[in-house]
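I set out to record what I looked up in this entry. The notes follow in the order in which I took them.

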Amino acid sequence: MTSKATSEAKSQTPPRLEVKNLYRSFGDRNVVDGVSLAIEPGKVTCLLGPSGCGKSTTLRLIAGVDMQDTGEIYVDGNLICDTVFRIPPERRQIGLMFQDFALFPHMSVAGNVAFGLAGSAVEKRARVEELLAKVGLSWAIDAAPHALSGGEQQRVALARALAPRPRIMLMDEPFSGLDNRLRDGIRDETLALLKEEDTAVLLVTHEPEEALRMADEIALMRNGKIVQAGAPYNIYNAPVDRDAMAFFSDIN
Ligand code: ADP
Ligand code: MG
């Protein structure tokens, strides 16, 4: 095959997640105001924007825990939600991680990681062991969540979210609750693990520095709209307007 033919074949593969013209209003406020996005496996796409611009609402629509007014959501080219058709959240193969990643306090670490898993007890145990090894917590398999540090609990939450092999992982400011000392290490470990799994990641953050550190692609959001999207280098060096420039100017 020529390289042209190869690139054409590639461009016909649908994105892992595609969102088209998503709208959601509360009262007369258009909180999500025509958002379109595409994300690919093996990459981290950051949805970056100031507090209140509609990032979490966008994630909730994609996860299916809230419903858009109009617009479509596709996974691997298949429609999972529009205004008349809706696959429920638990059947979307989408993993979720939030800032307050509450583990189930009455279950062991193993029980938490196994929670969303189907299959035999032996299969579940194997997947739990595999993931705990990857996050460096094999020793904690029978521990209670409260016996672990914040950073360790975070890693259990990541293992739990990844255990069912989600096609897509949505992360809403997952590192905000961690103290600075821990954060860099956990960010890097999280990235390494996410890239090993065949998962496409949409990471929400309001911190430009975090997006520049973690993203392969950045979608810059403001007032419910994506105002610029592209590689971090381009977003940083060629901001679309003065507000975008100002948003990045605090970084040193
Ligand atoms: P972000 O995650 O970017 O900080 P959000 O998506 O949480 O922003 O919220 C965007 C705006 O939408 C905020 O002003 C918020 O108060 C409003 N909002 C979010 N959810 C609701 C809701 N269920 N009802 C009314 N307003 C909401
Ligand atoms: Mg939010």
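Before turning to strand pairing, I note that two strands count as paired if DSSP finds at least two bridges between them. I also note that this is a predicted model.

Entry 1, the sheet. I looked up strands E7 and E8 under that criterion. Strand E7 (residues 168-172) pairs with strand E8 (residues 200-205) in the parallel sense, over 5 bridges. Within this pair, Ile168 stands opposite Ala200 in E8. I then asked in which order the strands of the open sheet are arranged. The open sheet is formed by 6 strands in the order E6-E7-E8-E3-E9-E10, and the pairing is mixed. The edges are held by strand E6 (94-98) and E10; each has a single partner strand, so one side of each is left without a neighbour in the sheet. I recorded an average turn of 20° between neighbouring strands of this sheet, direction ignored.

Entry 2, helices on the sheet. I next looked up what packs on these strands. H2 packs on the sheet and touches strand E3 (44-48), E6, E7, E8 and E9. The direction of H2 makes about 150° with that of E7. Helix H5 (residues 150-162) also packs on the sheet, where H5 touches E6 and E7. For H5, I noted an angle of about 165° between its direction and that of E6.

Entry 3, ligand 1. Which helix gives the most residues to the shell around ligand 1? I found that helix H2 (residues 55-63) does, with 3 residues. The residues around the ligand are Phe26, Val31, Gly49, Ser51, Gly52, Cys53, Gly54, Lys55, Ser56 and Thr57. By class, I entered the shell residues as 3 nonpolar, 6 polar and 1 charged.

Entry 4, positive phi. Most residues other than glycine have a negative phi. I therefore looked up two residues against that background. Asp76 has a positive phi, near 50°, and is placed in the loop between strand E4 (70-75) and strand E5 (78-81). Is Asp76 buried, exposed or partly exposed? I entered Asp76 as partly exposed because it has 16 C-beta neighbours inside 10 Å; the class runs between the limits of 12 or fewer for exposed and 20 or more for buried. Asn223 has a positive phi as well, near 45°. Asn223 lies in the loop between strand E9 (217-222) and strand E10 (225-230). With 15 C-beta neighbours inside 10 Å, Asn223 is likewise partly exposed.

How values were computed
Residues numbered from 1 in each chain as written. Chains lettered and ligands numbered in written order. Predicted model: local features only at pLDDT ≥ 70, side-chain atom pairs only at ≥ 80, totals over all residues. Near = placed C-beta within 6 Å. Helix = DSSP H or I, 4+ residues; strand = E, 2+ residues; numbered from the N terminus. Nonpolar A, V, L, I, M, F, W, Y, C, P; charged D, E, K, R; others polar. Axes fitted to C-alpha atoms, helices over the stretch in contact; angles between N-to-C directions. Contact = placed C-beta atoms within 7 Å.
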